[in-house]
Amino acid sequence: VSVERGVDPAGLALVAFGGAGPLHACELAEALGIPAVVVPAAAGVLSAVGLLTSPRRRELVRSRVDPADHAGLDGEVADLAARARQVLEAAGVGPVRVATTLDCRYHGQSHELTVGSLAEFPAEHRRRNGYVRPSDRIEVVAVRAVATAAASATVEQVLAGWEGRWRGIVTGPEVVVREDCTIWVPPGWRGTPGPLGSLVLRREPG
């Protein structure tokens, strides 16, 4: 995927997560010419850390019976936005922001584009597909509302008491067994403490 997007992996660092990911990370980095591997603190439970530190989010979607009929569309959008806000506020979270979008298409198309408003659809269609159909009616297939609020904790707060925070230097070859993951440091690689308790592995020169 990175290469298809024109991104050279050799200019990146590889993040190794999961219980077994750090076992294979250095070999994969060598195969792709990646100069550094980052093993986060709590690598084996990184998804759980992400859940705790991600913004709260609720998305509601309402399909439309007659996509070609735009009557009452603004009211539908406002109603769905209010419902999304209510769902998140009921969870007792702090200030809630709501964004609304529409799934639109030209009549006869089998796929939709998600846009902020009906007026934005032609320009987005041109950007994505290279053309517009001004004489064709636009259908609104669905209305979406996304309510978001700040996360309940920061990464720093979650990892503050984590026993797996890296503190020492490791030189390969060595197998490092931690309570949440296992790390293989091959010969010629060296690990040093990084931000937020991570271990940063780099191939030693020479």
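**Close-up views of the predicted model**

**Figure 1. A42 and L196, two residues other than glycine with positive phi.** A42 counts as buried, its relative accessibility being 0%; buried here means under 20% relative accessible area, exposed over 50%, and partly exposed in between, with a 1.4 Å probe and protein chains only. The model is predicted, so that local features need pLDDT of at least 70 and side-chain atom pairs count only at pLDDT 80 or more, while totals for chains, interfaces and linings use all residues. Residues are numbered from 1 along each chain as its sequence is written, and side-chain values use heavy atoms, with hydrogens and water left out. A42 sits in the loop between β2 (36–39) and α2 (46–53); helices (H or I, at least four residues) and strands (E, at least two) are DSSP runs, numbered from the N terminus. The phi angle of A42 is near 65 degrees. For L196, in the loop between β10 and β11, phi is near 55 degrees. L196 is partly exposed, with a relative accessible area of 36%. Most residues other than glycine have a negative phi, and most peptide bonds are trans.

**Figure 2. The cis peptide bond between G172 and P173.** Omega of this bond is about 5 degrees. P173 belongs to the loop between β7 (170–171) and β8 (174–177).

**Figure 3. The largest nonpolar core, with 19 residues.** A nonpolar core is a set of buried Ala, Val, Leu, Ile, Met, Phe, Trp, Tyr and Cys residues joined through side-chain atoms within 4.5 Å. The residues with the most contacts inside this core are L73, L88, V96, L102, C104, F121 and V143. Two or more residues each come from α3 (73–89), β4 (97–106), β5 (113–115) and β6 (138–149). The most is given by β6, with 6 residues. Once neighbours within four places in sequence are set aside, the contacts of L102 include L73, V77, L113, V115, L118, V140, A142 and V143, as well as T114 and S117; contact means heavy atoms within 4.5 Å. Another core, of 18 residues, lies apart from the largest one, and among its members are L14, A16, V170 and L201.

**Figure 4. The surroundings of P67 in the loop between β3 (56–63) and α3.** P67 is buried, at a relative accessible area of 17%. Residues up to four places away in sequence not being counted, P67 touches I138, E139, V140 and V141. The C-alpha atoms of P67 and C104 are separated by 8.5 Å, although these residues are 37 residues apart along the chain.

**Figure 5. The aromatic pair of Y106 and F121.** A search of the whole structure finds 1 aromatic pair. The arrangement of Y106 and F121 is edge-to-face, at 4.9 Å centre to centre and with 75 degrees between the planes. Rings of Phe, Tyr and Trp (its six-membered ring) pair if their centres lie within 6.5 Å; planes under 30 degrees apart count as stacked, over 60 as edge-to-face and the rest as tilted. Because Y106 lies in strand β4 and F121 in helix α4 (residues 121–129), the pair ties together parts that are 15 residues apart in sequence. Both Y106 and F121 are buried.

**Figure 6. Salt bridges of R105, R133 and R190.** A salt bridge is a side-chain nitrogen of Lys or Arg within 4 Å of a carboxyl oxygen of Asp or Glu, and the count by this rule is 13. R105 meets E112 at 3.1 Å, N to O; R105 is buried at 19% relative accessibility, whereas E112 is partly exposed at 33%. Between R133 and D136 the closest N and O atoms are 2.6 Å apart. R133 is partly exposed, with a relative accessible area of 23%, and D136 is partly exposed, with 28%. In the bridge of R190 with E204, the closest N and O atoms are 4.0 Å apart. R190 lies in strand β10 (residues 189–193) and E204 in the segment after β11 (199–203), so this pair ties together parts that are 14 residues apart in sequence. R190 is partly exposed, with a relative accessible area of 32%, and E204 likewise counts as partly exposed at 32%. R57, E59, D103 and R144 are joined into one network by salt bridges that share partners.
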